[in-house]
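Take a look at the model below. This report covers the ligand site and one helix.

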Amino acid sequence: MVELRYQRVSDAERFFEILSNPNFEFFEVNIKSVEEEREWLKKNYEKREKNQEYNYTILYQGEIVGACGVMVDQHREHIGEMGYFIDEEYWGKGIATEAVKKLEKIAFEELELIRLEIRMEPENTASIKVAEKCGYSKEGLVKKAYLRDGVYRDCLLYAKVR
Ligand SMILES: CC(C)(COP(=O)(O)OP(=O)(O)OC[C@H]1O[C@@H](n2cnc3c(N)ncnc32)[C@H](O)[C@@H]1OP(=O)(O)O)[C@@H](O)C(=O)NCCC(=O)NCCS
């Protein structure tokens, strides 16, 4: 069973453990220590208050297995972009798919967003599958839209509108 709850500063150690995985190939992690992760988590309340980001911890059978969030476009406040990651030990169980469905409900019904986007590198097959299983439409390839490891990379753009 997959549940979402607001992130807590005490999630820092577990998130750092999950994100330290070298197999997170297509996902830029800028956090270098548990302390930095804590500092990042402390900003969540303010980000919500400013309508910038709504970040959640993903629980599977009560255990922390990942995170997801929606970032509100600050120039077009009806648009949100979703992101997610799951501990490799739990990949392939449908957890990200369930989490995105729950996050989408929050984004459309509570935050009243009109358009939700998911962007990923074209090689990120697992993330593409998640977007497709959740009913997002492929809108195209956005050139040099994402900076990872100092290189501007193309991204696939998936979206759903209500
Ligand atoms: C992307 C990610 C969140 C998916 O999490 P997950 O809980 O394993 O996702 P799900 O189980 O809901 O769905 C993944 C699907 O991709 C499939 N898949 C995974 N790797 C694959 C691969 N290399 N080739 C083909 N299919 C693949 C799985 O089989 C599954 O499909 P299925 O349900 O039809 O079997 C996870 O891989 C992750 O955390 N990756 C690193 C961070 C990341 O890239 N985040 C997204 C940034 S855009």
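## Polar contacts with the ligand

A polar contact is a pair of N or O atoms within 3.5 Å. Keep in mind that this is a predicted model. A polar side-chain atom of Thr97 sits 2.5 Å from an oxygen atom of the ligand. That pair counts as a polar contact, because 2.5 Å is within the 3.5 Å cut-off.

Lys133 also uses its side chain: a polar atom there is 2.6 Å from a ligand oxygen atom. Gly94 uses its backbone instead. One of its polar backbone atoms lies 2.8 Å from an oxygen atom of the ligand. On its own, the ligand has 950 Å² of accessible area, and the protein covers 72% of it.

## The shell around the ligand

Which elements give two or more residues to the shell? They are strand 4 (79-86), helix 4 (95-110), strand 5 (115-120) and helix 5 (125-133). Helix 5 gives the most, with 6 residues.

In total, 21 residues surround the ligand. Ile86, Gly92, Gly94, Thr97 and Lys133 come nearest. By class, 11 residues of the shell are nonpolar, 6 are polar and 4 are charged.

## The two sides of helix 1

Helix 1 spans residues 12-19. Its residues Ala12, Phe15, Ile18 and Leu19 are buried. These four lie on the same side of helix 1, because they cover an arc of only 130° around the axis. Glu13 and Glu17 are exposed on the other side.

What do the buried residues of helix 1 pack against? Their partners are helix 2 (34-42), strand 2 (53-60), strand 3 (63-72) and strand 4.

How values were computed. Residues are numbered from 1 along each chain as its sequence is written. This is a predicted model: local features need pLDDT of at least 70, side-chain atom pairs count only at pLDDT 80 or more; totals for chains, interfaces and linings use all residues. Side-chain values use heavy atoms; hydrogens and water are left out. A residue is near a molecule or strand if one of its heavy atoms lies within 4 Å of it. A polar contact is a pair of N or O atoms within 3.5 Å; within protein, one must be able to donate a hydrogen and the other to accept it, and residues adjacent in sequence count only if both atoms are side-chain atoms. Accessible areas come from the Shrake-Rupley method with a 1.4 Å probe; for residues, only the protein chains shown count as cover. Ala, Val, Leu, Ile, Met, Phe, Trp, Tyr, Cys and Pro count as nonpolar, Asp, Glu, Lys and Arg as charged, and the others, Gly among them, as polar. Buried means under 20% relative accessible area, exposed over 50%, partly exposed in between (1.4 Å probe, protein chains only). The arc is that of the directions from the helix axis to the C-beta atoms. Contact means heavy atoms within 4.5 Å.
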